[in-house]
Amino acid sequence: MPTSASASVSVSASASSTTATGPNSDLLTRLNSPDSQVQLKALRELKNRIIGNRTKKLSFVKLGLVPAVAAILASKAQAQAHSQADHDSNLLVQSAAALGSFACGFDAGVRAVLDAGACPNLFLLLSHPHDKVVDAGARSLRMIYQSNLAPKCDFLQDKNMEFLLSFLNSENENVTGLGASIVIHSCETMTEKKALCHAGVLKKLVSLLEGSPSQRDNSLESLATIMKDNDEAVSEFVGCESGRALSSVIELTKDRYPRTRFLASTCLIAIRNTSSCYLQDMGIKTKLVHLLLELHDDPGQVGDEAPFAFSSLISQKVDLQKIALEANAIDKLYNHLQKNHLHPKRFQGLLLALADLCSKLESCRSRFLSLQALNLVSEALTHDSSDIRTAACICLRCVSRSIKNLCAGNFMNEMIVPPLVRLLDDPSTSVQVAALSAVGNIVVDFTTHRSLFLQCGGVKQLVQLSRSMDSTLRLNALWALRNLMCLADYMCKQGIFMELTASSLASLICDPEPFVQEQALALIRNLVDGCMNSVELVFAEDGIILDAVGRQLQSASRDEIWIQQCCKWK
C-alpha cells in the first residue's frame, strides 16, 4: 500500500519549538512516559480533548503530540502486532483512535500524522487478531483518506491491487469501507479505472450494495468514481446481474437517508453523463432534478455537495435545464443563496449551479435577472474565498450571454464593472481567467456604455494580461480586447490600439500558441472594420503588423488562422 504523502508542508514535530506550560506540556510528558498505564490514560485524555475541536488539534500538533502518539503506535504495532495482551491492544486502539481524531476533517492534522510515519503502522493493524484493533486502524485510515493529502495508491502494481481486493473482501465493515475510500481517493486515470474493472473490483462493489447502510454508501461513491467517463465500466455495471444492479441504485434514490439518496443520484449521473444511451426516460430525468433540488435543503454535507451534483446533471443539457426551470430551480437556488452564513463550499456550488442553469436558455437568464439575483453575484465578486470569486465570475459570464440585456447595457454598471476589473489583477490565476471570460461577454456592448469599463482602467489591465507568460491569460485577454473592439467607434479603437501598441500586437500574431494567434488576428479584423482611419492604424511602426500577418500566411498551422486572415482583408 502507499507509503509516501503528497503533502508538501510538514508540521514541526519538535516540542521545543513551542513554549508550552501547564496541562498541555504535562500531556506530552505522560505520552513519553516509560509506564504504559500512564501512556494509556494520556491517550484517552488526548482523544477526548481534541474530538471536534480544531483549535485544540492545532495547538497539540504544534506542541509535537502527534509524533509522540505515532511512536506509541509504532512500538506496539511492530513489536506486538500479533500479541494477545489486552493491555497492548488497548494502547494500539487508543493511539490509532487519537491519530484518527487528529486527521478527521483537519488537513494540518493529516500532514502531521503522515509526517510522523504513522500510515504503515496503521495498515499493520488491519492484520491484528483482535477485531477492536482492526476497527481502530481502519477507522483512522479512513479519516486520513478523506483528505486530498492522503497518499495515492498505485492500482497498476499487482501487490496494491491484491491489498485492495483483500480489504473489499473483508468481513469487517470498517475495512471494506477503507477499501472503498482508497478507490475514491486514488482512482483518477482511465487506465486505473479499467484495471480495477478487470481485477473484479466493480463486481465486488456491486455485491456491497446489498450490505449494511455504510457499505452501501461506500459502494455507491466508489462505483460513481470508477464509472465516470468510463464507457466500459458503465456497460459492465448496467448489464450486471441482468440489470438488477442498476435497478437497485434507482431504488436507492428513495432511501430514507439523505446521504444514500444523494450518492445514488451521483451514481446515476455518472452513468448518464458517460453513456447518454442509458437513463433516457423522462421520469428518471425529472426525478433526479427534483431529488437534487430537495437535497439542497439538507443542513449538512449533503446540502453542501448537492449543488455540484446538480450542475453535473444539467451542464450542457438543454432538456434537463428546461425540466429544472419548470421545477422552479432558479427560484429555489436563489432562496438558498440569500441565506446568511453559507458554508463557502455551498456558496460556491450554488453560484456554479445557477451558472449552468443560465448557460443555454434565455428563459432561465430572464428569470434569474428578474429575481435581482445579479446583486448577490456582484457581492460575491469581492468575497474572501478565491473559489467563490471564481464561481461568481463564471455565473456572470453565463448570465451575460443574454443579447437582450447586453443591448440594454444592463451589465455595464457600477455594481459589476469596477469589482470585475479589480479581479483582473487578482492573485489567483483561476480568478483572473474567470474574470476575463466574464469581461469578454460584458464588453460586447451594442450601445455606447463602454466608457465605464475604460474609466475603470479595464483596457490597461487587459493589455497587461495579453503580455502574460501564461498562455491561458493571454488568450482570454485578447478575446476580451477583440470583443471590446467590436463595433466600437474610432476614438475607442484608437485608445485600445495605442495602449496595446503595434509591436505587441505583431508579437501576439506570431505567438507560440495557435489559439492566441487566432484571437490576435480576430482583434485586427475588428480593428480595421470601420472607417479608413481605423485601417490606417495597422500601418503603424513601418507596417510591423502587416509583416507579421504575412509571415503567418506562410506558416499558419490551423485552418482557423487562415480564415481570420482572409476575413480580415475581406
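Helices here are DSSP runs of H or I spanning at least four residues, numbered from the N terminus. With that convention in hand, the predicted model can be explored through its confidence, one helix with two faces, a buried arginine and a pair of unusual loop residues.

Confidence comes first. The pLDDT averages 90 over the chain, and 91% of the residues reach a score of at least 70. Two stretches call for some care. Residues 3–21 have a pLDDT below 50, and this stretch makes 29 contacts in the model beyond near neighbours in sequence. Residues 565–570 also fall below 50, with 13 contacts counted in the model on the same basis. Where pLDDT is low, the predicted coordinates should not be read in detail.

Helix α9, which runs over residues 158–168, offers a pleasing example of sidedness. Its buried residues are Asn160, Met161, Leu164, Phe167 and Leu168. These five lie on the same side of α9 because they cover an arc of only 120° around the axis. The spacing fits a familiar rule: an α-helix has 3.6 residues a turn, so residues three or four places apart point the same way. On the face turned away from the buried side, α9 carries the exposed residues Asp158, Lys159 and Glu162. As for partners, the buried residues of α9 pack against α7 (119–124) and α10 (173–186), and also against α11 (190–198) and α12 (201–208).

A charged side chain can be followed in helix α16 (residues 258–274), where Arg272 is found. Arg272 has a relative accessible area of 8%, so it counts as buried, the cut-off being under 20%. Once neighbours within four places in sequence are set aside, the contacts of Arg272 include Tyr278, Leu279, Gln280 and Lys285. Further along the chain, Arg272 is also in contact with Lys317, Asp319 and Leu320.

Backbone geometry draws attention to two loop residues. Glu241 is not a glycine, yet its phi is positive, at about 55°. Glu241 sits in the loop that joins α14 (231–239) to α15 (244–252), and its relative accessible area of 40% makes it partly exposed. Gln372, likewise not a glycine, has a positive phi of about 60°. The loop between α22 (362–370) and α23 (374–380) holds Gln372, which is partly exposed with a relative accessible area of 48%. Both values fall in the partly exposed class because that class lies between the buried limit of 20% and the exposed limit of 50%.

Methods: Residues are numbered from 1 along each chain as its sequence is written. This is a predicted model: local features need pLDDT of at least 70, side-chain atom pairs count only at pLDDT 80 or more; totals for chains, interfaces and linings use all residues. Side-chain values use heavy atoms; hydrogens and water are left out. pLDDT is the predictor's confidence in each residue, from 0 to 100. Contact means heavy atoms within 4.5 Å. Buried means under 20% relative accessible area, exposed over 50%, partly exposed in between (1.4 Å probe, protein chains only). The arc is that of the directions from the helix axis to the C-beta atoms.
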